[in-house]
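Colleague: I'd like a close look at one part of this model, please, with whatever surrounds that part. Here's what I have on screen.

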Amino acid sequence: MKKILIIEDDRRIAQNISRTLQEDGYTTEVVYEGINGRQMALLPGVDLLILDINLPGINGFEVCRSVRAEKPNLPIIMLTALGEIEDKVEGLGLGADDYLVKPFDIRELIARVEACLRRSTLLEEMTAEPEKVWRVANLTVDSASREVKRGETTIDLTAREFALLEYLIRNRGRVLAKLDITEQVWNLNFDPTTNVVEVYINYLRKKIDRDFEPKLIHTRPGMGYVLKEE
């Protein structure tokens, strides 16, 4: 039985989420502020975190940053009344897997919980496989050690940048649409107004392409992105 931690200061919302998840067969625990919530999230046995942004103590962005540093594979869904694109990009940039703006339909939240847990299970299965090293030109991506190199130069990536690069190199030579990338890397329903894919493609280009040859990440206007040697 999967355990879900809910960090939400609105007690009515928190209890409604908790009750619905329990009816769906999950175990839940509720915390109403950020400091204790962060401590609970770092304990063993938590399978998914539902996290509000506007919390007393420390806010959800800080909780997300701390938890992601210690638990890089824990699924995190952020809940917030903030709906601006910049807020979404910040939350996702700190390591959240999904983002839901209040007010929301509880059925959508449950669907996103299930999707995040499926992705987490697949990730566990992938990391349990024998070591896999991917190469394109002088770029090397080691899925087991999560090490990235261009030639002999080691490149430091965030967890989300690595996930995006790994998805690109696993599908090297194939043009990937924004829809595919958001669903596979962020596990999000496609939002045509968000620029999170462009933002992270730009981050990757600065780290693995700007100072190296050949250039490997290419834009196909109106189609998407492809990682290949041209």
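Colleague: In which loop does arginine 146 lie?

Modeller: Arginine 146 lies in the loop between S7 and S8. Before we go on, this is a predicted model, where local features need pLDDT of at least 70 and side-chain atom pairs count only at pLDDT 80 or more, while totals for chains, interfaces and linings use all residues. Residues are numbered from 1 along each chain as its sequence is written, and side-chain values use heavy atoms, leaving out hydrogens and water. As for the labels, helices (H or I, at least four residues) and strands (E, at least two) are DSSP runs, numbered from the N terminus.

Arginine 146 has a backbone quirk: phi is positive, about 60°, although the residue is not a glycine. Most residues other than glycine have a negative phi, and most peptide bonds are trans. With a relative accessible area of 36%, arginine 146 is partly exposed (buried is under 20%, exposed over 50% and partly exposed in between, with a 1.4 Å probe and protein chains only).

Alanine 137 does something similar, with a positive phi near 55° in a residue other than glycine. You'll find alanine 137 in the loop between S6 and S7, and its relative accessibility of 40% makes it count as partly exposed.

Now for the sheet that these loops belong to. Four strands make an open sheet, ordered S6-S7-S8-S9, with antiparallel pairing (two strands pair if DSSP finds at least two bridges between them). The edges are strand S6 (133-136) and strand S9 (153-155), and each has a single partner strand, so one side of each lacks a neighbour in the sheet. From one strand to the next, the twist averages 20° (axes are lines fitted to C-alpha atoms, for helices over the stretch in contact, and angles run from 0 to 180 degrees between N-to-C directions). S6 and strand S7 (residues 139-142) run antiparallel and are joined by four bridges. To pick out one pair there, tryptophan 134 has valine 141 in S7 as its bridge partner.

What lies across S6, S7 and strand S8 (147-150)? That's H6, running at about 110° to S7. Helix H6 (residues 159-170) also has a helix beside it: its axis and that of helix H7 (residues 178-186) come within 10 Å and cross at roughly 125°. H6 and H7 are therefore oblique to each other (under 35 degrees counts as roughly parallel, over 145 as roughly antiparallel, 65 to 115 as roughly perpendicular and the rest as oblique). H6 passes H7 in a right-handed crossing (right-handed if the near helix is turned clockwise from the far one by less than a right angle, left-handed if anticlockwise).

On the H6 side of that contact sit Arg160, Ala163, Leu164 and Tyr167, which meet Asp180, Ile181, Gln184, Val185 and Trp186 in H7 (contact means heavy atoms within 4.5 Å). The residues of the contact of H6 with H7 divide into six nonpolar, one polar and two charged (Ala, Val, Leu, Ile, Met, Phe, Trp, Tyr, Cys and Pro count as nonpolar, Asp, Glu, Lys and Arg as charged, and the others, Gly among them, as polar).

Elsewhere in the chain, helix H2 (residues 34-41) packs with helix H3 (residues 60-70) at an angle of about 20°, their axes 10 Å apart. That makes H2 roughly parallel to H3. Gly34, Arg38 and Ala41 of H2 make the contact with Glu62, Val63, Ser66 and Val67 of H3. The residues of the contact of H2 with H3 split into three nonpolar, two polar and two charged.

For an enclosed strand, try S4 (residues 76-80): five of its five residues are buried, so the rest of the structure largely encloses it. Ile76, Met78 and Thr80 lie on one side and Ile77 and Leu79 on the other. Strand S3 (residues 48-52) runs parallel to S4, with four bridges joining them, and leucine 49 stands opposite isoleucine 76 in S4.

Last, there are cis peptide bonds to check in your viewer. One joins lysine 102 and proline 103, with omega about -10°; proline 103 is in the loop between strand S5 (98-101) and helix H5 (106-128). Another joins glutamate 213 and proline 214, with omega about -5°, and proline 214 is in the loop between helix H8 (196-209) and strand S10 (217-220).
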